[in-house]
Structure formats: C-alpha cells, structure tokens
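User: Could you take me through some of the labels used for this structure and show what each one rests on?

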Amino acid sequence: MTVELPSGLDPFTGGRRRMEVDATDVAGVVAALDARVPGLGGHLVDDRGALRPHLLCLVGEEAVRDMGTPVHDRVRFLIAVSGG
Amino acid sequence: MTTIAIGTMKGAFLVDWDTGEVSEPLFPGWQVTAFGRSGDHYLTAVNSNWFGVGIQRSTDLQEWTPTDSPPAVAGTEGDGDAAGGDGAGDDDGAADGSDGVKAIWTFHRTRDALWAGVQDAAVFRSTDDGLTWTPVDGFNDHRTRDQWGPGLGGLCAHRILGDDDQLYVAASAVGVFRSDDGGATFEPCNDGVPAVGLPDDVPRPEVGYCVHGLQMDPDDPRRLWRQDHVGMFQSVDGAATWTRNEDGLPAAFGFVMHRDAASGRLFTQPLHSDGQRIPVDGDFRVYRSDDDGATWQVSGTGWPTAPTHTQVLRGAVAGDGNGKVVMGTTAGTVWRTGDAGETWDELDLTTPRILSVSVW
C-alpha cells in the first residue's frame with residue numbers, strides 16, 4: 001500500500017513523501033514507516049501512540065484517529081488547519 | 001572559519017562570520033530551539049507544532065541526519081502552553097502539549113556526557129553524542145516537582161552549566177538547582193532572590209524563582225551570574241546565596257546573561273519591565289560589566305539611533321569565549337561583536353523571530 005507524507009517532514013525523511021509499506025491498520029503503517037525511517041513514527045504519533053493532535057490521517061477518503069482502523073491501498077498523513 | 005548559527009521560529013540559518021554569506025534555510029518551517037556540540041557532532045534541536053521534537057546532527061554543517069530517539073517521556077503535565085514572552089517560546093505555534101517533552105531548550109557538554117534541558121522542565125543525559133538519552137531522575141522527579149509551575153515562556157529547563165562534579169540547572173519559573181553528585185540529586189539554590197509576586201511577609205517557598213539567564217565562571221564554578229525575573233544577581237558561593245547588583249542598568253528585567261571567558265566581561269540586554277518587555281525608551285542596547293557584575297554600562301558603539309523595540313530571548317545569545325558574542329532578536333535581526341563588546345554591528349539579514357544562536 002502507498003503512504004503519503006507531508007512536506008514538513010522532509011528533514012526527517014530525506015525528502016521522501018511517498019512510501020510503499022505492508023500493514024493492516026494505521027498503527028501498523030506507523031510502525032512500518034518507523035522501521036523504514038527510524039524515528040519517523042515519533043513525528044506522527046505521540047509518546048502514547050496516539051496520532052499527534054494537529055495531524056490528519058486519511059484512510060482512503062476518510063479521516064480517522066483510531067490507530068486500529070484497517071487500511072487498504074492508500075493512507076495519507078496531512079497537517080491539520082488546527083496546527084496554525 | 002567562524003560560523004554563526006541562527007535558530008528561528010521557521011528554520012535555521014548559518015552565516016559566515018567573515019563574508020556574511022547566509023546559508024539556505026535549514027529545517028524550514030521547524031522551530032530551532034537549541035544548538036550544541038558533542039564529540040565530532042554539531043547538534044540542532046528542532047520542534048514542530050505538527051511533528052513534535054527532533055534532533056539533527058552533522059559533522060560538517062552541510063549534511064544533517066535526524067536521530068532516532070530524541071528525549072521523551074510518557075504522559076503530559078504542566079502548562080500545555082509553550083507560548084512565549086518569557087524568553088523561550090513562541091506566539092504563533094508552539095508545541096502541542098501532547099508529549100512530556102515539548103521542546104529542547106539547551107544542550108551542555110561536560111567531560112563525561114551531553115546534557116539536554118527540555119520543556120516541560122526536565123533534564124536528560126546522553127553518552128553517545130545525542131543519539132540516545134536517559135532521563136535524569138534526580139532532577140525530573142525532584143521532591144518539589146508538584147510545586148513547579150510555568151513562567152510565561154513555559155515550564156522549561158533552559159540552562160545547564162558546570163561539569164559532572166558540580167552541575168547547575170536553571171528552570172523557569174522554578175529556580176536554580178545544584179547537583180554535587182553527577183546529577184543523582186539536586187538541591188534548589190535561590191537564597192537572596194525574591195520569589196516573583198510574593199510579598200516579603202510571606203514565608204519563602206523552596207521553589208518558584210524565575211531565573212531567566214545563568215552564567216558561570218568555568219575557572220571558578222562557585223561564581224555565577226543570574227538575570228532573574230526580579231533583577232540581576234550574582235553568587236560567589238556556588239549559588240548558595242545571591243546578591244542583587246544592578247548599578248548602571250536602565251532596567252533590571254531581561255533574559256540575557258552571557259560571559260565572555262577571555263575578557264571575563266558579562267553581557268545583558270535590559271528590558272523595561274515584565275509588563276512591557278521592550279527596551280527602555282526604544283534604546284536597544286547591550287549592557288556590559290567589566291567588573292564581574294558590580295557595575296554595568298552600555299557595551300561599546302554601533303547601536304541603532306532609531307527607536308528599536310525588540311528583545312533578545314534567553315537562548316539567543318552565544319559566543320566563542322574569545323571576544324566574539326552574537327545576539328539575535330525577536331525582530332529577526334542579529335547583532336555581533338568581535339572585540340568583547342567594544343564595537344557592535346548588525347548582520348545584513350532579517351530572519352523570523354530568533355530563539356537560539358551559536359558561534360561555531
């Protein structure tokens with residue numbers, strides 16, 4: 001499946017904004033990203049494993065915050081307007 | 001070659017001291033809250049409202065690599081507001097309050113370790129040049145912790161000084177602490193400094209002292225200087241007691257305390273008051289003491305003649321210890337001296353609000 005990342009993470013991804021990972025839910029996506037780019041997961045979820053409050057996670061076309069949400073072919077992480 | 005590192009609300013910039021050449025923005029969009037050096041590594045602490053805290057390292061100031069695990073603690077507490085005014089934070093997008101660590105405000109290298117002071121007020125220690133961090137429980141779990149509260153800039157450990165044998169930590173709005181056992185235990189050291197807002201007839205609390213800036217004489221670690229919320233103080237007994245000394249200053253409020261090791265000169269930037277936080281009468285000036293804080297005067301020449309209502313935050317001052325001193329302002333301007341404060345000039349650039357500087 002394809003994961004899309006916001007440009008603000010460029011300093012931590014080397015500029016990669018699209019990655020292919022294998023995962024069954026959002027938490028698995030984050031874990032897979034962190035395995036690919038160590039430390040990246042900590043910029044998507046907080047110390048308790050919850051999606052950071054000013055990030056938006058789209059599974060398909062649906063915004064989700066439940067890390068157990070099943071994923072299919074596309075997940076997008078976006079910066080939310082609430083972030084300033 | 002000397003490089004000035006400038007950390008702002010929206011990225012970092014490197015300036016060649018001699019040519020004035022300015023780098024492209026580093027980490028654009030990220031708050032850059034602290035710089036450090038450890039071993040072969042330059043370190044930059046970054047922070048994002050969206051993505052939290054991170055550390056980037058470089059050995060050549062060209063290629064930067066993020067570390068995997070910056071300081072972190074589970075849970076949240078304290079103010080939930082890293083917003084600024086008290087010298088640390090921001091007014092348009094600070095950390096989100098979801099983590100135990102909202103920002104890294106200082107690095108300090110000792111003989112055996114690299115130390116970091118963070119918000120909410122905590123200290124971490126690294127023995128691998130900042131790759132991994134261990135919480136310093138003697139400070140973080142201090143017996144007075146439940147009495148700690150934030151200043152306007154948040155609850156942050158913003159200065160660490162000394163060496164492994166005798167370590168000082170300054171935290172707003174908590175006070176100065178000293179450890180004589182390598183960070184295993186800490187004791188508050190604020191006698192002589194009034195607590196902010198408390199009348200004299202109220203018993204002195206053990207914590208609640210709003211230290212803004214702190215410097216130490218590395219040749220005599222018992223001598224310290226402190227720009228506090230309530231004035232300018234010095235200690236000659238390892239922070240056990242503090243004496244007020246503001247002779248020559250137009251105002252006793254401010255955030256800057258810097259000492260140039262070679263000359264022994266002290267530098268500060270007075271501000272009108274905690275209520276205003278701008279230079280008195282718009283006269284932006286750095287003040288200097290040539291006598292260990294006994295008296296103060298305007299530091300040399302080069303200052304603007306037009307009204308200049310800006311300030312220097314506590315982390316936005318640094319030097320090379322040999323006459324070079326740099327200060328960045330909330331207006332995004334940078335002032336420097338290469339002769340220990342005899343003459344100053346303004347760099348030819350304007351950046352976002354400046355949070356941190358370093359001279360490498």
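The exchange below sets a few labels against their definitions.

Analyst: This is a predicted model, in which local features need pLDDT of at least 70 and side-chain atom pairs count only at pLDDT 80 or more, while totals for chains, interfaces and linings use all residues. Residues are numbered from 1 along each chain as its sequence is written, and chains are lettered from A and ligands numbered from 1 in the order in which they are written.

User: Why is B:Phe27 called buried or exposed, whichever applies?

Analyst: A residue is buried if 20 or more other C-beta atoms, placed from the backbone, lie within 10 Å of its own, exposed if 12 or fewer, and partly exposed in between. B:Phe27 has 24 C-beta neighbours inside 10 Å, and therefore counts as buried.

User: What makes B:Asp292 count as partly exposed?

Analyst: B:Asp292 has 16 C-beta neighbours inside 10 Å, so it counts as partly exposed. B:Asp292 also has a positive phi of about 60 degrees although it is not a glycine, whereas most residues other than glycine have a negative phi.

User: How do you know that strand S3 and strand S5 of chain A pair?

Analyst: Strands are DSSP runs (E, at least two residues), numbered from the N terminus, and two of them pair if DSSP finds at least two bridges between them. Strand S3 (residues 55-59) and strand S5 (residues 74-79) of chain A are joined over 5 bridges in the antiparallel sense, and therefore they meet the definition of a pair. Within this pairing, A:Cys57 has A:Phe77 in S5(A) as its bridge partner.

Key: Helix = DSSP H or I, 4+ residues; strand = E, 2+ residues; numbered from the N terminus.
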